[in-house]
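Grab a coffee and work through a few short exercises on the model below. Try each one yourself before you read its solution.

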Amino acid sequence: MKKTILIALMALIGLSAFAQSAQQVLDRTAKVIGNKSGASANFTISNAKIGSSSGTIAIKGNKFNARTPQAIVWFNGKTQWSYLKKTNEVNISTPTQAQQMAMNPYTFINIYKTGYKMNMKKSGNNYQVHLTAQNQKRSVAELYITINQKTYVPSQVKMRQGKTWSTIKVSNFKARSIPNSSFAFNAKEFPSAEVIDLR
């Protein structure tokens with residue numbers, strides 16, 4: 001009986017140590033991609049509902065600017081502007097975490113610290129961190145983040161919203177200086193666009 005309890009305790013200690021290392025990996029990743037001056041990358045997002053779309057993204061803190069052949073999205077940390085090229089419309093909204101993550105794969109650097117259980121395994125030259133929301137009603141209920149062991153740059157984020165999984169692949173990550181004006185819609189650049197405020 002004592003031996004069984006001892007084994008169970010050792011297993012728990014081992015699990016908590018591993019969970020702590022998952023936290024440390026995400027902390028280091030957040031530091032790398034949360035460069036104060038900004039960063040840019042290429043991405044491809046795919047899921048069963050929308051198909052696949054590729055583009056570029058610029059980030060700075062919790063701000064981002066994502067561009068695909070179909071749309072341009074600006075987010076200044078509070079307000080999001082989505083320009084749809086096909087209809088020449090700009091929709092203004094206050095997005096949920098899931099909506100932010102659908103365009104910004106790096107949103108996880110702001111959400112993993114609150115309300116997620118985490119564990120991690122090594123896969124080749126990468127860490128794979130698994131996050132599960134303690135409240136399954138959260139807009140992002142589950143995440144798998146693949147992170148390079150040497151650079152701490154993520155190459156893939158898989159997220160689940162309800163029953164739908166989306167996969168975001170990221171490449172060509174570069175730290176660089178990006179002005180704050182890049183993260184807000186400039187009406188002068190799109191003089192004929194119809195602006196629709198959905199807030």
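**Exercise 1.** Find where K86 sits, and decide whether K86 is buried or exposed.

*Solution.* Start with the secondary structure: this is a predicted model, and in it K86 falls in the loop between β5 and β6 (89-93). Next, check the relative accessible area, which is 84% for K86. The cut-off for exposed is over 50%, so K86 counts as exposed. Finally, look across to A71: the two residues are 15 apart in sequence, and their C-alpha atoms are 8.3 Å apart in space.

**Exercise 2.** Now do the same for Q80: which strand holds it, is it buried or exposed, and what does its side chain make a polar contact with?

*Solution.* Q80 belongs to strand β5, which covers residues 80-84. Its relative accessible area is 7%. Buried means under 20%, so Q80 is buried. For the polar contact, go to S82: the side chains of Q80 and S82 meet at 3.4 Å. Then skip the neighbours within four places in sequence and list what else touches Q80: F64, V73, W74, F75, N91, I92, S93 and P95.

**Exercise 3.** Work out which residues touch the most other members of the largest nonpolar core, and which elements supply the core.

*Solution.* This core has 23 residues, and those touching the most other members are L26, F108, V129, L131, L143 and I147. Now trace the core back to its elements: α1 (2-33), α3 (108-111), β7 (116-123), β8 (126-133), β9 (142-148) and β10 (154-161) each put in at least two residues. The top contributor is α1, with 5 residues. As a close-up, take I147: leaving aside neighbours within four places in sequence, its contacts include V25, L26, T29, V129 and P154. There is also a second, separate core of 12 residues, with F64, A66, V73 and V170 among them. F64 and V73 should look familiar, since both are in contact with Q80. As background, nonpolar side chains in soluble globular proteins tend to be buried together.

**Exercise 4.** Zoom out: how many helices and strands does the protein have, and what share of its residues is buried?

*Solution.* Count the elements and you get 3 helices and 12 strands. Of the 199 residues, 41% are buried. Turning to the surface, the accessible area is about 11,300 Å², and carbon and sulfur atoms account for 54% of it. Last, take the contacts between residues at least 6 apart in sequence: 48% of them join residues at least 24 apart.

Key:
Residues are numbered from 1 along each chain as its sequence is written. This is a predicted model: local features need pLDDT of at least 70, side-chain atom pairs count only at pLDDT 80 or more; totals for chains, interfaces and linings use all residues. Side-chain values use heavy atoms; hydrogens and water are left out. Helices (H or I, at least four residues) and strands (E, at least two) are DSSP runs, numbered from the N terminus. Buried means under 20% relative accessible area, exposed over 50%, partly exposed in between (1.4 Å probe, protein chains only). A polar contact is a pair of N or O atoms within 3.5 Å; within protein, one must be able to donate a hydrogen and the other to accept it, and residues adjacent in sequence count only if both atoms are side-chain atoms. Contact means heavy atoms within 4.5 Å. Accessible areas come from the Shrake-Rupley method with a 1.4 Å probe; for residues, only the protein chains shown count as cover. A nonpolar core is a set of buried Ala, Val, Leu, Ile, Met, Phe, Trp, Tyr and Cys residues joined through side-chain atoms within 4.5 Å.
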